[in-house]
Amino acid sequence: YDAIVIGAGIQGSFTAYHLAQHHRNTLLLEQFILPHSRGSSHGQSRIIRSTYAHAVYARMMPDSFRLWQQLEAEASTSLYRQTGLVVLGPAGDPELESCWRNLDGGEVLDATTLAQRFPGLRIHDGEVALWDGTGGVLFADRALRAVQDVFCRNGGTLRDGEKVLRIEPGTTVTVTTSAGVYQASRVIIAAGAWTGALVAPLGLHLPLQPLRIDVCYWRKKEPGSPDMGRASPCFITTGLSQPPHSVYGLPALEYPGLVKVCYHYGSPTDPEKRDWAPPGAPHPSIALLSRFISSYLPGLETQPAVVETCLYTNTPDEDFILDRHPQYSNIIIGAGFSGHGFKLAPVVGKLLCELSLDEEPSHSVAPFAITRFSSV
């Protein structure tokens, strides 16, 4: 092959898609049988938004929206529903102020205006809501299938149920899996929570922490009461003292009548043992979300109706890793998407493709260098 991509989640699949568009003979490897729910790309919904406190991501989002629309056209399917998004936080919060500066055409809503527009959402004295009209929901499972289908239609090879056992660097890289041995002049590793274990034998110890995330769905208290129904926006929080990390929510789409509200953090885990928690193990995020819902989403029950799990793979600064291996320049690594990478996957895949082909990256990758971590 010209290229091998390890990991058929959304980031690896978009990398393979871009390589195929560059007419590179590409193999995409996935350790689990597709579709599966073992990693970070499953489920029906993810938030997409222009709003970002970090300018580097805000600058990528127009390209990302364009590439999502391109994939919709290529796959002849809808992948995005525009709902709008509100960012809730204290007035004057530095991160909220950065979001406002980076957002073209945003609007600040006070408590009264927010309650009039979206009666299921409440903010309190000293808090405001930033409105991002471009925000909405990506249909995650459908998007993953679409990008893989287009990749295969463009001549790519997808092999699932093949766990990578060994990567041997060299001018030609050899990848040994549970089912075969493959060679390519370049390899891109985008294996999510398994990336650390794959690169450690290559002498690279990345500060990646897999987290087990509770994905929670909440029922409204009474039929007809104000809630976060299908007509409501997505939301995220920033700068609130309680909870210490962000909370985010999506309107009722996946389960009829159930609103998705989750905590943007979780418990450290081994991805091989994610579901081995003992019966009755505490879920601190659920108690925290119950308090948040009582205060900000009073139309919802305070105990979740459905709890599922997902994996984040966090870096210490929650920014991505998009870089070449420091010793083997034909091994490229995309990792540490820290629970906010799905919306940016079309651009991430393009950047990883460009790095692997020694092309000038279409966006700066300096913020995503491995060398920013002094421990590596």
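**Two antiparallel sheets and a domain interface**

In the bridge pattern of this predicted model, residue T174 finds its partner in strand β12, where Q183 stands opposite. That pair belongs to a longer ladder, since strand β11, residues 173-177, and β12 run antiparallel to one another and are joined over four bridges. The two strands are part of an open sheet of three strands, ordered β10-β11-β12 and paired in the antiparallel sense. At its edges stand β10, spanning 164-168, and β12, spanning 181-184, each of which pairs on one side only. From one strand to the next, this sheet twists by an average of 20 degrees.

A further open sheet of three strands can be followed in the order β3-β8-β4, and its pairing is likewise given as antiparallel. Here β3 (45-48) and β4 (80-82) occupy the edges, and because each has a single partner strand, one side of each is left without a neighbour in the sheet. The twist in this case averages 30 degrees between one strand and the next. Looking at the pairing itself, β4 and strand β8, made of residues 136-139, are held in antiparallel register over three bridges, and within β8 it is L138 that serves as the bridge partner of Y80.

Two helices pack on this sheet. Helix α2, residues 55-75, touches β3, β4 and β8, and its direction makes about 135 degrees with that of β3. Helix α5, residues 140-153, touches β3 and β8, with its direction at about 50 degrees to that of β8.

At the level of the whole chain, the domain assignment divides the protein into discontinuous segments, with domain 1 comprising 3-45 + 140-208 + 317-373 and domain 2 comprising 85-133 + 209-314. The centres of domain 1 and domain 2, taken over C-alpha atoms, are separated by 29 Å, and the contact between them draws on 19 residues from domain 1 and 16 residues from domain 2.

What does the interface between these domains bury? The area buried between domain 1 and domain 2 amounts to about 1600 Å², and carbon and sulfur atoms contribute 44% of it. Turning to polar interactions, ten residue pairs in polar contact are counted between domain 1 and domain 2, both residues of each pair being at pLDDT 80 or more. Across the same interface of domain 1 and domain 2, one salt bridge is found. K163 and E272 form a salt bridge in which the closest N and O atoms lie 3.4 Å apart.

Conventions: Residues numbered from 1 in each chain as written. Predicted model: local features only at pLDDT ≥ 70, side-chain atom pairs only at ≥ 80, totals over all residues. Heavy atoms only, no water. Pairing = 2+ DSSP bridges. Axes fitted to C-alpha atoms, helices over the stretch in contact; angles between N-to-C directions. Contact = heavy atoms within 4.5 Å. Domains from an automatic or database assignment. Buried area = accessible area lost by both parts, 1.4 Å probe. Salt bridge = Lys/Arg side-chain N within 4 Å of Asp/Glu carboxyl O. Polar contact = N/O pair within 3.5 Å; in protein donor to acceptor, adjacent residues only side chain to side chain.
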